[in-house]
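Student: I am new to this structure. Could you walk me through it and explain the terms as we go?

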Amino acid sequence: MGKINQGILGGVSGQVGNVIGGTWKGIDYLRIKPSSVANPRTEGQVDQRTKFSTALLFLQPMTDFLRTGFKLYANKMTQFNAAMSYNLNNAITGAYPNFMIDYASALVSRGNLTGAANGAASSPSAGSVEVTWTDNSASGSAVATDKSLIVLLNTSRGEAIFTSAGPERSVGSATIPVPSEYSGESVEVFLGFISADGTKVANSVYLGSVAVA
């Protein structure tokens, strides 16, 4: 309990109602106790938080890759935040509380460079995933020296294997080693491209889910 010293015009020590009084360097002071604000949990806020968590679980394993994949969209924000913003708005499907990532609508790289043509992925032998595409270097802004951007996302482990400087577009294929413990598990495969000088990036293409041999 607080008390008023020297009558009503004196100093206040402790708390009186929502007023807290004290003395600092011989000077009496008063301050209003801030109101308690409960953590808001409206339906809309819970819905948005759950969507955010879904996107975070998807993107976190490839944080380092996104520094390349979303480098052109890091305008007053980090590359990771740019990726979060895009995928929150475009790649979340389902209804609360069962939100999921629509991989076909998701992007792990984004830009105006001409993307992959006829991309496909498989695991023909143990310990590797093979990604193939058609050399479309004569199409649009694509050139033969563009480097492939490849992500293999293992959602069951919350891990990603990726390359931001894979084989050139003209090569038409890449073999990505994976840990032996991935055998029998599935990875979600994405393919994009980046120009040799790093100034242009292509939208990634989702190649599907591949069971690792």
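Tutor: Here are some questions and answers about helices, sheets and burial.

Tutor: This is a predicted model, where local features need pLDDT of at least 70, side-chain atom pairs count only at pLDDT 80 or more, and totals for chains, interfaces and linings use all residues. Residues are numbered from 1 along each chain as its sequence is written, and side-chain values use heavy atoms, with hydrogens and water left out.

Student: How many helices and strands does the protein have?

Tutor: There are three helices and 13 strands. Both are DSSP runs numbered from the N terminus: helices are H or I with at least four residues, strands are E with at least two.

Student: How do you know that the span of helix α3 agrees with what is expected?

Tutor: The expected span is 1.5 Å times one less than the number of residues. Helix α3 (residues 79–90) has twelve residues, so 16 Å should be spanned, and the end C-alpha atoms are 17 Å apart, which agrees.

Student: Which residues of α3 are called buried?

Tutor: Buried means under 20% relative accessible area, with exposed over 50% and partly exposed in between (1.4 Å probe, protein chains only). In α3, Phe-80, Ala-82, Ala-83, Met-84, Tyr-86, Asn-87 and Leu-88 are buried. They pack against α1 (43–59), α2 (63–69) and β5 (92–93), where contact means heavy atoms within 4.5 Å.

Student: What makes β8 and β11 a pair?

Tutor: Two strands pair if DSSP finds at least two bridges between them. Five bridges join β8 (residues 128–134) to β11, and these strands run antiparallel. In β11, Ile-176 is the bridge partner of Val-129.
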